[in-house]
Amino acid sequence: MQGRASAVFETTVGILGAACPAMVGWLLQQPDLGFTAVMGVAVACSVAGLAISLAGPLRSIPTPERWSEVAL
């Protein structure tokens, strides 16, 4: 179960990590956006990560001592 939770985080981080350099490069070249837009993207990504970590299904994963009680 922890592997599933890890896969969610790693996939999200991998996708955003791959797209981030291209997006930031493009944003920095925009005359009216620049640094403010990059900070907006950073905040949006932080909020997305927080939302994923607070998701009910991920938070309900039991501790290893209770894994035998859970049906997959």
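**Group meeting: a three-helix chain**

Okay, so starting from the N terminus, the elements of this chain run α-α-α. That's three helices and zero strands, where helices (H or I, at least four residues) and strands (E, at least two) are DSSP runs numbered from the N terminus. Quick word on where this comes from: it's a predicted model, where local features need pLDDT of at least 70, side-chain atom pairs count only at pLDDT 80 or more, and totals for chains, interfaces and linings use all residues. Residues are numbered from 1 along each chain as its sequence is written, and side-chain values use heavy atoms, with hydrogens and water left out.

Now, the overall form. The C-alpha atoms fill a box of roughly 55 × 20 × 15 Å along the principal axes. Buried residues (under 20% relative accessible area, 1.4 Å probe, protein chains only) make up 10% of the 72 residues.

Next, the helix pair. H1 (residues 2–29) and H2 (residues 34–53) pack at an angle of about 170°, with axes 10 Å apart; axes are lines fitted to C-alpha atoms over the stretch in contact, and angles run from 0 to 180 degrees between N-to-C directions. That makes H1 roughly antiparallel to H2, a label for angles over 145 degrees.

Who's touching whom? Contact means heavy atoms within 4.5 Å, and on the H1 side the residues include Val 8, Phe 9 and Leu 16, while the H2 side includes Phe 35, Val 38 and Ile 52.

Finally, have a look at Ser 6, which lies in H1. Ser 6 and Leu 27 are 21 residues apart in sequence and 30 Å apart in space, C-alpha to C-alpha.

Notes: Angles under 35 degrees count as roughly parallel, over 145 as roughly antiparallel, 65 to 115 as roughly perpendicular and the rest as oblique. Buried means under 20% relative accessible area, exposed over 50%, partly exposed in between (1.4 Å probe, protein chains only).
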